[in-house]
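Biologist: Could you take a close look at one part for me, the place where the two domains meet? I'd like to hear what each side brings to it.

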Amino acid sequence: MSIEPARITHYIAGRDWDGDAERTGAVRNPATGALTGRVDLASAGLVGEAVTTATAAGRHWGTMSLARRAQVLFAFRELLSARRHEIAALITAEHGKVFDDALGEVTRGLEVAEFACGIPQLLKGGFSENVSTRVDVYSIRQPVGVVAVISPFNFPVMVPLWFVPVALACGNTVILKPSEKDPSATLAMARLWSEAGLPDGALNVVHGDKEAVDTLLTHPDVKAVSFVGSTPVARYVYGTATAHGKRVQALGGAKNHLLVLPDADLDLAADAAVNAGFGSAGERCMAISALVAVDPVADELIEKINERIGKLRTGDGTRGCDMGPLVTREHRDRVAGYVAAGVAEGATLVVDGREGDFDGDPDGFWLGPTLFDHVTPEMSVYRDEIFGPVLCVTRVKSYEDGISLINANPYGNGTAIFTNDGGAARRFQHEVEVGMVGINVPIPVPVAYYSFGGWKNSLFGDTHAHGTEGVHFFTRGKVVTSRWLDPRHGGLNLGFPRND
Ligand code: NAD
């Protein structure tokens, strides 16, 4: 018996959109291959209507007291915490990641909402009394206006939450454009804001593809764009939106290296490589895809990793497996194509993820963990972001060779070093040209009160997500110089103001 796919539509001005979409996209359960939904894809005209709605809502929300705004954030935090299982289940059903991992994603997103609850403290300005005689100077930060948040498929809840709570807390209104591949969890999260008391129109969700994105990037009333996705699209978004006068933070793709020194605890390093390489089927921007083994650790490390891969269960994310399917059939086939390319280019295939038993429907988008050894920098499995469960080992002779390899890579999102030598770790954190660094920690995603962002081709723009950088991105600074009239004022003086 086939089940009618659900309609997934836009959420504008606190209501589901009731128009007829000219175009829709397919949403599938990756563990079964079944078509479970059809998502409406917004036209340029509809995105324009959402921007008009958000602009109007900003006049109310942006001038509301900090105390009232913080109350909405606290209420949202409570609702999201209470509904996290429900939302995690939606993530698993459309993204495919295992339920526990989906729950972890919601929890990390929740941290940003908690951070944004402190907005009254975060927006405090500075005040200097008497910078000149009876002249005071103070700084304030004001909302930028309507902001667009455009998010990728791999974290349908956490990535939008890197931006939405901070943007709203700062008094902006938001158009959120989630990935069209797995939009339902994002939509469910967005509805919770209304329940929390956010005024209608302050957060709107429009689904769509390039047409919707292009409209947001060029619309004169959209003032800031937070984008997360692949590097080619991030570069395009940054170029287009800045050319239209917007402030932009465009987070792109990654190739994250884990450097293992000879003095490392190899069991810890092997656990870390497997967890960070194959968690969420390698579909994390902070996944480790390149393992750099400094002589002579490679043979022993690979043996330990191989043993651990043998214990992993790949299958339906609702069945307690370790690793789920890939997000779409096309993506699964693309990643499998890289496995074939690695073999053709001369890498040693230690574990072939194309073979194996999968605990799930035969029509799911399955690919098991793959391990390559003797990978060299010119091979496509090293060069490209594969975004799947493929771990490549490159052998180097020394720490210097390892860091040169990492720094020569065009991406700079995350990296990690495994060692018991504090001096070596300190040298690495100083020398490595990457935005987020782990020391014996494989996935160094910063907590919400620090900022998340990579270097080089992993981020276009100069502001990272959340933390104080997020607050700065979503506000404009203003400095006021004030003097209240004094009966003894000095009269006319055409000279440049001097502070004496
Ligand atoms: P994607 O670039 O295909 O899509 C991201 C968003 O852009 C989606 O909302 C999509 O609808 C839109 N989009 C896609 N093509 C477009 C185009 N031509 N013009 C305008 N908009 C377009 O990325 P994805 O496959 O959804 O996500 C995976 C990618 O995201 C990986 O490269 C991953 O590394 C990256 N990512 C990066 C970070 C980070 O923090 N740096 C975090 C998560 C994901």
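Modeller: Let's start with the rule for a salt bridge: a side-chain nitrogen of Lys or Arg has to lie within 4 Å of a carboxyl oxygen of Asp or Glu. Asp 101 and Arg 284 meet that rule, with their closest N and O atoms 2.9 Å apart. Keep in mind that this is a predicted model. That pair is the one salt bridge the rule finds across the interface of domain 1 and domain 2.

Now for who sits where. Domain 1 is made of two stretches, 6-252 and 458-480, while domain 2 covers 256-439. Their centres, taken over C-alpha atoms, are 31 Å apart, and the contact draws 20 residues from domain 1 and 24 residues from domain 2. Together the two domains bury about 1,800 Å², with carbon and sulfur atoms giving 62% of that area. On the domain 1 side, no other three residues supply more of the buried area than Ala 31, Val 98 and Ser 458, which account for 27% of what domain 1 buries against domain 2.

Back to the polar side of things: seven residue pairs are in polar contact across this interface, both partners at pLDDT 80 or more. As for secondary structure, helix H3 (84-95) and helix H4 (99-116) are the elements that each put two or more residues into the domain 1 face. H3 gives the largest share, three residues. By residue type, the domain 1 side that touches domain 2 splits into nine polar, six nonpolar and five charged.

Notes. Residues are numbered from 1 along each chain as its sequence is written. This is a predicted model: local features need pLDDT of at least 70, side-chain atom pairs count only at pLDDT 80 or more; totals for chains, interfaces and linings use all residues. Side-chain values use heavy atoms; hydrogens and water are left out. Domain bounds come from an automatic or database domain assignment. Contact means heavy atoms within 4.5 Å. Buried area is the accessible area (1.4 Å probe) that two parts lose on being put together, summed over both. A polar contact is a pair of N or O atoms within 3.5 Å; within protein, one must be able to donate a hydrogen and the other to accept it, and residues adjacent in sequence count only if both atoms are side-chain atoms. Helices (H or I, at least four residues) and strands (E, at least two) are DSSP runs, numbered from the N terminus. Ala, Val, Leu, Ile, Met, Phe, Trp, Tyr, Cys and Pro count as nonpolar, Asp, Glu, Lys and Arg as charged, and the others, Gly among them, as polar.
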